[in-house]
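Colleague: I'm new to this one, so could you walk me through it with a few questions?
Modeller: Gladly, let's have a look together.

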Amino acid sequence: MEGAAFLGKLVSSPLTDFQCLNTFSSGVESMDKFIRGDFRLSVENHYCQAYVVKLEEEIVAIFALSFDSLDLDSDDKEELQSGFSSTASPDVDYDYQETFYAKPRYPAMDIAYLAIQEKWRGKHIGDFLIKQIADLARRQTLAGCQFLTVEALANKEYSAVGFYERCGFAPNEVKKPYKDTLRMYLTLYSKDNAFDDD
């Protein structure tokens, strides 16, 4: 399809048939092994809720979400307040700012997994899904939610860190050599509305 016109035709729905993932390939071996193995167990044991993204009947992506909490240290909070963070400053009422920045942790929705079918990579589906997930997090009414979080894959085989940075996420930690992911976060309600006016 031409350009990104097909993005509006993508349909996300809860994943109920895990057999449909037997032919799913993201092109990242470790991720594909997980998707065809322990992914189902993660969903069945209530770690996350999985979704399949289709264009007509073809699977183009999968993702999974769970509730989370975000701990921000004093440096993260100072960067957010000053606007120097790579994620947008939170849109917090003036009267609530002191209370907000005194909190030890913040409610978040975690992108537990996100994978694009290899043949569909490079077509901005990931960007589109991040915006859809952010919108879903803002619209849900079950619990408070101020940030998106993700453990971005960052190993020798593949790194998703650059993708999440382009989507406005900021690192929530220094990359650790013994860990193959990097924890990142994104403000859902920003002062400049750079991300949440879609």
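Colleague: How many salt bridges does a search of the whole structure find?
Modeller: Keep in mind that this is a predicted model. A salt bridge here needs a side-chain nitrogen of Lys or Arg within 4 Å of a carboxyl oxygen of Asp or Glu. Searching the whole structure on that basis gives eight.

Colleague: Which residue meets E44 in a salt bridge, and in which helix?
Modeller: E44 is partly exposed, at 40% relative accessibility. Its partner is likewise described as partly exposed, at 41%. The two sit four residues apart in helix α2 (residues 38–44), so about one helical turn separates them. Their side chains meet at 2.7 Å, N to O, and the partner is R40.

Colleague: Is R139, the salt-bridge partner of D135, buried or exposed?
Modeller: D135 and R139 both belong to helix α5 (residues 125–139), about one turn apart, and their side chains meet at 2.9 Å, N to O. D135 is partly exposed at 25% relative accessibility. Exposed means over 50%, and R139 has 54%, so R139 counts as exposed.

Colleague: Which residues are linked in a network of salt bridges?
Modeller: One link joins the side chains of E173 and K176, at 3.1 Å, N to O. K176 is partly exposed, with a relative accessible area of 26%. The network as a whole links E151, E173, K176 and K179.

Colleague: And which residues gather in a patch of negative charge on the surface?
Modeller: One of them, E78, is placed in helix α3 (residues 74–82). The patch consists of D73, D75, E78 and E79.

Key:
Residues are numbered from 1 along each chain as its sequence is written. This is a predicted model: local features need pLDDT of at least 70, side-chain atom pairs count only at pLDDT 80 or more; totals for chains, interfaces and linings use all residues. Side-chain values use heavy atoms; hydrogens and water are left out. Patches are made of residues with over 30% relative accessible area and no salt bridge: like charges are joined within 9 Å, nonpolar side chains (Val, Leu, Ile, Met, Phe, Trp, Tyr) within 5 Å. Accessible areas come from the Shrake-Rupley method with a 1.4 Å probe; for residues, only the protein chains shown count as cover. Lys and Arg count as positive and Asp and Glu as negative; His and the chain ends are not counted. The place of a charge is taken as NZ of Lys, CZ of Arg, CG of Asp or CD of Glu. Buried means under 20% relative accessible area, exposed over 50%, partly exposed in between (1.4 Å probe, protein chains only).
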